[in-house]
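Let's take a walk through this structure together, pausing at the spaces in it and at one contact along the way. Keep the viewer open as you read.

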Amino acid sequence: MNIPMITVLQSAITEALESIPTAEAEQIYALSFYINNEYDDPRLPTLTVGYNTVDEWHASIPKASSSDEAKWNYAFWLQNELLVFGDSDSQTADILARWVADLGLGYSDAEEDVDFERCLELGQEITEQFVAAVCVVASTLHSNLTVSRVFGRSVPIIVHELEYYNEIADQTEACNPPRLAEEFVSWVRSI
């Protein structure tokens, strides 16, 4: 049976969040859903789930240009990995490979050599579809109250890459309850 990728992703993230010790959960002010492509290959999308704490934010202020940068710029975060979904060393890589194939977006290195532009478009579509899937999961983790249950309160989920731009702000705003990620969204739109 082929369980949908979104179902597997949501279950894996829920399990990862539930593994956070209560004392640590009390310090967490935001979750990081960092999207990247392994080996810079869009056929190999990954999601790294992590978080930052109030203590780390405060410790980073002297290194940052402002308190807001220390709080919201991923470069100043803990860089922890509760879960890496899609990593080639994990079973989830196979799930993602099937998902890409089921979408009809797969291509080979040989096909890329023959028609680079077409494969570039397919790669962009894979990225867009993966980000959309991650946003659905993030929204669901709020609506099914997983986040509130784990943390005892709502915590924003930041869906991002290494660089921040308006699309990062938009997708983060869309996958969180109204105004929950407002501070992050405002900061990104101001930089």
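In this predicted model, the largest pocket holds about 160 Å³ of space. To find it, select T127, E128, V131, A132 and C135, then add E161, Y165, E167, I168 and Q171; together these residues line the pocket. Two helices, α7 (116-143) and α9 (166-174), each supply at least two residues of that lining. Of the elements involved, α7 gives the most, with five residues. What mix of side chains would you meet there? The lining of the largest pocket divides into five nonpolar, two polar and three charged residues.

Now turn to a space of the other kind. The structure holds one cavity of 30 Å³ or more, and the largest cavity has a volume of about 40 Å³. Around this cavity you will find S32, T48, V49, G50, Y51, Y74, W77, Q79 and N80. Strand β2, which covers residues 45-53, gives the most to the cavity lining, with four residues. By class, the lining of the largest cavity has four nonpolar and five polar residues, with no charged ones.

Our last stop is R149, which sits in helix α8 (residues 146-151). Which residues does R149 touch, once those up to four places away in sequence are set aside? They are T14 and E18. With E18, the side chain of R149 makes a polar contact to the side chain of its partner at 2.7 Å. R149 and E18 are 131 residues apart in sequence, and their C-alpha atoms are 9.1 Å apart in space.

Methods: Residues numbered from 1 in each chain as written. Predicted model: local features only at pLDDT ≥ 70, side-chain atom pairs only at ≥ 80, totals over all residues. Heavy atoms only, no water. 1 Å grid on protein atoms, 1.4 Å probe; cavity = no way out; pocket = protein on both sides within 12 Å on 5 of 7 lines; lining within 4 Å. Points joined across faces, edges and corners; volume = space filled by probe spheres on them. Nonpolar A, V, L, I, M, F, W, Y, C, P; charged D, E, K, R; others polar. Contact = heavy atoms within 4.5 Å. Polar contact = N/O pair within 3.5 Å; in protein donor to acceptor, adjacent residues only side chain to side chain.
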